[in-house]
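Visitor: I have a structure here and a few loose questions. Can we go through it together?
Guide: Yes, go ahead.
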Amino acid sequence: MIKFENVTKHYDMGNVGLQDVNVHIERGEFAFLVGHSGSGKSTFIRLILKELEPNEGTVTVAGRNLQRMRRSAVPYHRRNIGCVFQDFKLLPNKTVADNVAYSLRVTNQPARAIRRKVPEILQLVGLGEKMNNLPDELSAGEQQRVSVARAFVNHPSLLVADEPTGNLDPDTSVGIMQLLYRINRTGTTVLMATHDREMVDKMRKRVIALEGGRIIRDEDKGLYR
Amino acid sequence: MQFKFFFSEAVNSLFKNWVMSVAAIVTVLVSMFLLGIVMILYFNVEDVIKDLRDKLEIEVFIKNTATQDEINQLGEEIQAMPEVKTVYFVSKEEALDRMRESLGENTDILDAMSGNPLPASYEIALKDPEDIRMVAERFFDNPIVDNTPGSDPPDGVKYGAETSERVLRFTTMLLIGLTSFVALLTVASVLLISNTIRLSIFARRREIEIMRLVGATNWFIRWPYVLEGIFTGVMGATVAAVLIILSNNMFSNYIRENIVWLAVQDIPILWMTVIVIGGGAIVGALGSGMALRRFLKV
C-alpha cells in the first residue's frame with residue numbers, strides 16, 4: 001500500500017526531514033508511526049499525500065509512483081486517502097453535515113448519494129444528533145469524530161492520521177482509537193502518527209519508530225518504549 | 001459540475017464581505033459607465049465625421065477666358081477619372097443665382113455690379129474622400145483653372161483640406177484619449193476585484209488548504225470565487241447600463257431640442273448593453289482568477 005524506497009527529504013534550512021527511509025506497509029495493515037517531535041513523522045505523512053517532494057528516492061502509494069504523478073492527478077490521488085489531523089481541520093463556517101459532505105462534493109457525487117451517506121457515516125461515529133451544529137459548538141472529541149467521518153465517508157483504501165489524539169483527553173482518545181480500529185477492520189489500511197505511549201502499548205500493532213529522520217525500529221505487535 | 005453548490009458558495013461569500021463587494025461593484029460601475037459613454041460618443045462622432053467627409057468635394061474654378069471647348073474637354077477628363085463619383089458643372093449664371101439666394105434680401109450689392117464676376121466651376125464628389133488631395137492636385141497646373149498667379153496652394157482649386165484634416169485629427173485624439181482612459185479604469189477594476197477576492201480568499205486560506213487535502217481539483221476550488229467575481233462584475237455593469245441608457249436619452253433629447261443642427265444618432269441599445277454587461281463579467285472573472293493564482297500552487 002505504502003512503499004518508501006531510499007527516501008530522503010531535506011528542508012531548505014538544512015533541517016533533515018527523513019534520511020534514507022525504506023519501509024513497506026501492506027494493504028489492510030494498521031501501523032503506528034512513533035517518535036519525538038521533529039523526528040520526521042509529519043514529513044512521512046506529507047510525502048504520502050504528495051504535499052512534499054522527496055529530494056531522493058521514491059514514494060509509492062497504492063501502486064502509483066508519486067514522483068511520476070502529474071500535478072493534475074494529485075487531487076484524485078488524495079481522494080483515495082482519508083486524512084485526520086491533530087487540529088481537526090474542519091471548515092468553521094459549515095455545519096457538521098456540510099463538512100462531511102464536502103469531501104463527497106469534491107468527487108462529484110450526486111446530491112442524493114450525499115444526502116444518504118452523510119447521516120449514515122455520522123450515525124456510525126455517534127454524531128447523528130449533531131449534524132446541523134457548527135464545529136465550534138462541539139467538544140474536541142466530537143470534532144475529531146467529524147474529521148474521522150469526513151476522512152472515511154469516501155471509503156478510501158488508506159487512512160492517515162497525524163496525531164489524531166494529540167489534543168484529546170485519554171478517555172476521548174480511546175473512542176477515536178476504537179473508530180480507527182473499526183475502520184481498519186473494514187479493510188482500510190491505517191497509518192497513525194502518534195506519541196501516545198499508552199495507546200500504542202495497548203493496541204499491540206506494528207510500530208515504526210523514527211528518530212532524526214531515520215527508522216530506528218520496525219516491529220509487528222510492537223510497543224512504544 | 002455542481003452549479004448549485006458553487007452558486008450558493010459564491011453568493012454567501014459576496015454577502016459576507018459586503019463592504020468590499022460594494023467597493024468592487026462601484027468600481028466596475030464607474031468604468032463600465034465610462035466605457036458606455038465612450039461608445040456612444042464614438043458612435044456619434046464617427047457618424048459626424050462620415051457625414052463631413054461625404055460632404056467633402058473638390059471645386060475647380062474656371063477662368064472667364066476659357067473657351068467652351070476647353071471647358072467641355074476638362075469636364076470629360078474629370079468624368080474619366082476612376083476616383084470620381086459625380087461631377088457637376090456650375091455655370092456663371094448658376095453661381096450668381098446661388099449667391100443671390102444665399103444673400104437673401106441684401107441683393108443690392110449684386111445689383112450694383114456690372115456683369116457677372118463669378119467664375120464657372122466643376123463640383124466633384126469622390127468615391128473615397130481619402131483621395132481628395134491626390135485628385136485635387138491634378139488641377140493645380142491646368143491652364144484654364146482660375147488661379148491667382150503665385151498662390152500656393154493654387155486658389156483655383158478648393159477641397160477643404162485644412163478643415164477636414166483638423167476635424168479628423170481632433171476627433172481621433174479625443175477618441176484615443178477616452179479609450180485609454182477607459183482602458184486604465186478597466187485595469188483598475190480588475191485589480192480592485194482581484195484585491196477584494198484576495199481578501200476573502202486570505203480569510204479562507206485554511207479552508208482552501210482543507211479543500212486541497214480532501215482532493216478538490218483546482219477548478220473545484222476556483223469556481224465559487226470566479227462566480228463571485230462574475231456576479232460582482234455583472235451587478236456593477238447592469239447598473240452602469242441602466243445609467244448609460246438614461247443619460248443617453250436625457251442628452252439626446254436635450255440636443256435634439258436645443259442644438260437642432262447636430263444630428264444625434266440612435267445608439268443600438270441592445271448591443272451596447274450586451275457589451276457593457278459582458279465587459280463587467282469578464283473584468284470580474286479576470287480579477288478573481290488573478291487573485292487565486294497564488295493560492296492554488298500545489
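Visitor: Which residues line the largest cavity?
Guide: This is a predicted model. In chain A, the lining of the largest cavity takes in A:Arg78, A:Arg79, A:Ile81, A:Gly82, A:Cys83, A:Phe85, A:Ser103, A:Arg150, A:Ala151 and A:Asn154. Chain B adds B:Leu213 and B:Val214.

Visitor: What volume does the largest cavity have?
Guide: About 110 Å³. The search of the whole structure turned up three cavities of 30 Å³ or more.

Visitor: How does anyone find an empty space like that?
Guide: A probe the size of a water molecule is rolled over the atoms, and this shows where empty space is left.

Visitor: Which elements give two or more residues to the lining of the largest cavity?
Guide: They are helix H2 (74-79), strand S6 (81-85) and helix H5, each in chain A. Strand S6 of chain A gives the most, with four residues.

Visitor: And how does the lining of the largest cavity divide by class?
Guide: Six residues are nonpolar, three are polar and three are charged.

Visitor: Pockets next. What is the volume of the second largest pocket?
Guide: The second largest pocket comes to about 350 Å³. It has 17 lining residues, and the closest to the centre are A:Arg105, A:Ala111, A:Ile114, A:Arg115 and B:Phe5.

Visitor: Which elements give two or more residues to the lining of that second largest pocket?
Guide: In chain A, helix H3 (96-105) and helix H4 (111-124); in chain B, helix H1 (3-16). By class, the lining has eight nonpolar, five polar and four charged residues.

Visitor: Salt bridges, then. How many are there over all chains?
Guide: The count is 14 over all chains. One of them joins B:Arg138 and B:Glu83, with N and O 2.9 Å apart.

Visitor: Where in the chain do B:Arg138 and B:Glu83 lie?
Guide: B:Arg138 is in the loop between helix H6 (132-137) and strand S4 (157-158) of chain B. B:Glu83 is in the loop between helix H3 (68-80) and strand S2 (84-90) of chain B. The two are 55 residues apart, and the pair links distant parts of the chain.

Visitor: Is B:Glu83 buried or exposed?
Guide: Buried, because its relative accessibility is 13% and the cut-off for buried is under 20%. B:Arg138, at 38%, counts as partly exposed.

Visitor: What does A:Lys130 form a salt bridge with?
Guide: With A:Glu142, and the closest N and O atoms are 3.1 Å apart. A:Lys130 sits in the loop between H4 and H5 of chain A, while A:Glu142 belongs to helix H5 (140-152), so the salt bridge ties together parts that are 12 residues apart in sequence. A:Lys130 itself is partly exposed, at 28% relative accessibility.

Visitor: How far apart are the closest N and O atoms of A:Arg46 and A:Glu51?
Guide: They are 3.9 Å apart, and the pair forms a salt bridge. A:Arg46 is partly exposed at 34%, and A:Glu51 is partly exposed at 30%.

Visitor: Which residues are linked in a network of salt bridges?
Guide: A:Asp87, A:Lys89, B:Arg206 and B:Glu209.

Visitor: Changing topic: what is phi for A:Phe88?
Guide: Phi is near 65°, a positive value in a residue other than glycine. A:Phe88 lies in the loop between S6 and H3 of chain A, and with a relative accessible area of 9% A:Phe88 is buried.

Visitor: What about phi of A:Asn108?
Guide: A:Asn108 is not a glycine, yet its phi is positive, at about 60°. A:Asn108 is in the loop between H3 and H4 of chain A and is partly exposed, with a relative accessible area of 47%.

Visitor: Last one, the surface. Which residues make the nonpolar surface patch of about 460 Å²?
Guide: B:Trp18, B:Val19, B:Val22, B:Val26 and B:Val30 make that patch. B:Val26 is in helix H2 (residues 18-55) of chain B, and its relative accessible area is 43%, so B:Val26 counts as partly exposed.

Definitions and conventions. Residues are numbered from 1 along each chain as its sequence is written. Chains are lettered from A and ligands numbered from 1 in the order in which they are written. This is a predicted model: local features need pLDDT of at least 70, side-chain atom pairs count only at pLDDT 80 or more; totals for chains, interfaces and linings use all residues. Side-chain values use heavy atoms; hydrogens and water are left out. On a 1 Å grid over the protein atoms alone, a cavity is a set of points where a 1.4 Å probe fits but cannot get out, and a pocket is an open set with protein on both sides within 12 Å along at least five of seven lines; lining residues have an atom within 4 Å of a point. Grid points are joined across faces, edges and corners, and a volume is the space filled by probe spheres set on the points. Ala, Val, Leu, Ile, Met, Phe, Trp, Tyr, Cys and Pro count as nonpolar, Asp, Glu, Lys and Arg as charged, and the others, Gly among them, as polar. Patches are made of residues with over 30% relative accessible area and no salt bridge: like charges are joined within 9 Å, nonpolar side chains (Val, Leu, Ile, Met, Phe, Trp, Tyr) within 5 Å. Accessible areas come from the Shrake-Rupley method with a 1.4 Å probe; for residues, only the protein chains shown count as cover. A salt bridge is a side-chain nitrogen of Lys or Arg within 4 Å of a carboxyl oxygen of Asp or Glu. Buried means under 20% relative accessible area, exposed over 50%, partly exposed in between (1.4 Å probe, protein chains only).
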